Amino acid sequence: MSTHNVVAFCGSLRKYSYNRGLLRALIEVAGNEMHIEIIDIADLPLYNQDVDTAYPKEMSAFKDKIRSADGVMIATPEHNRSIPAALKNMLDWTSRPYGETTWKGKPVAVLGATPGGGGTAVGQYHLKQILTYLDARVLGQP
């Protein structure tokens, strides 16, 4: 059986967030069937469209990690019925310059964890809308 390489992003910047814990649990459950690499988005600069004409090499390398992965997992909390700003910033960087998105056809699983009763359903829904616009292959159900 071959090992699938997956990159994972946590929408929360908190070191001990529920969603970061969820990704760590997935790594344990995956065993040898899947190699999951959590990529931190905390230190990404704010996206500015002015850089599209001279796209930064470090961001190209960041995008290459997504391109080379067999799939992506995104665990996100819900902030004000949407996704956290840091996660949106990462999506902006990785979908630019225009026409050079890393998401086209990429399989993506969206998930989330929270102690709240409503869960992260609305945040996940909004994230799925963004990813669908970026032409990712978003997993419809858990």
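A nonpolar core is a set of buried Ala, Val, Leu, Ile, Met, Phe, Trp, Tyr and Cys residues joined through side-chain atoms within 4.5 Å. Keep that in mind for this tour of a predicted model.

**Whole chain**

Start with the cartoon view. The protein chain has 4 helices and 5 strands. Follow the chain along the sequence and the pattern reads β-α-β-α-β-α-β-α-β. The C-alpha atoms fill a box of roughly 45 × 40 × 30 Å along the principal axes. The radius of gyration is 15 Å, which agrees with the value near 14 Å for a compact globule of 142 residues. Colour by burial next: 42% of the 142 residues count as buried. Contacts reach far along the sequence. Among those between residues at least 6 apart, 77% join residues at least 24 apart.

**The largest core**

Select Phe9, Phe62, Ile74, Met90, Leu91, Trp103 and Leu131. These have the most contacts inside the largest nonpolar core, a set of 27 residues. Now add the elements that each supply at least two residues of this core: β1 (4-10), α2 (57-68), β3 (71-75), α3, β4 (107-111) and α4. Helix α3 gives the largest share, 5 residues.

**Leu131**

Centre on Leu131. Which residues does Leu131 touch, leaving aside neighbours within four places in sequence? Show Ile74, Leu91, Trp103, Val108, Val110, Ala136 and Val138; Leu131 is in contact with each of them.

**A second core**

Move on to Leu23, Ala30, Met73 and Ala75. They are among the 10 residues of a second, separate core.

**Helices α3 and α4**

Select residues 85-94 for α3 and 121-133 for α4. The two helices pack at an angle of about 5 degrees, and their axes lie 12 Å apart. That angle is under 35 degrees, so α3 is roughly parallel to α4. Display side chains at the contact. From α3 come Leu87, Lys88 and Leu91; from α4 come Leu127, Ile130 and Leu131. By class, the contact has 5 nonpolar residues, no polar ones and 1 charged.

**Tyr18**

Finish at Tyr18, in helix α1 (residues 18-30). Is Tyr18 buried or exposed? Neither label fits: Tyr18 is partly exposed, because its relative accessible area is 48%, between the 20% and 50% cut-offs. Beyond neighbours within four places in sequence, Tyr18 is in contact with Ala113, Thr114 and Pro115. Then draw a C-alpha to C-alpha distance from Tyr18 to Ala75. The two are 57 residues apart in sequence and 9.1 Å apart in space. Ala75 has already appeared, as one of the residues of the second core.

Key
Residues are numbered from 1 along each chain as its sequence is written. This is a predicted model: local features need pLDDT of at least 70, side-chain atom pairs count only at pLDDT 80 or more; totals for chains, interfaces and linings use all residues. Side-chain values use heavy atoms; hydrogens and water are left out. Axes are lines fitted to C-alpha atoms, for helices over the stretch in contact, and angles run from 0 to 180 degrees between N-to-C directions. Angles under 35 degrees count as roughly parallel, over 145 as roughly antiparallel, 65 to 115 as roughly perpendicular and the rest as oblique. Contact means heavy atoms within 4.5 Å. Ala, Val, Leu, Ile, Met, Phe, Trp, Tyr, Cys and Pro count as nonpolar, Asp, Glu, Lys and Arg as charged, and the others, Gly among them, as polar. Buried means under 20% relative accessible area, exposed over 50%, partly exposed in between (1.4 Å probe, protein chains only). The radius of gyration is taken over C-alpha atoms; the globule rule is 2.2 Å times the number of residues to the power 0.38.
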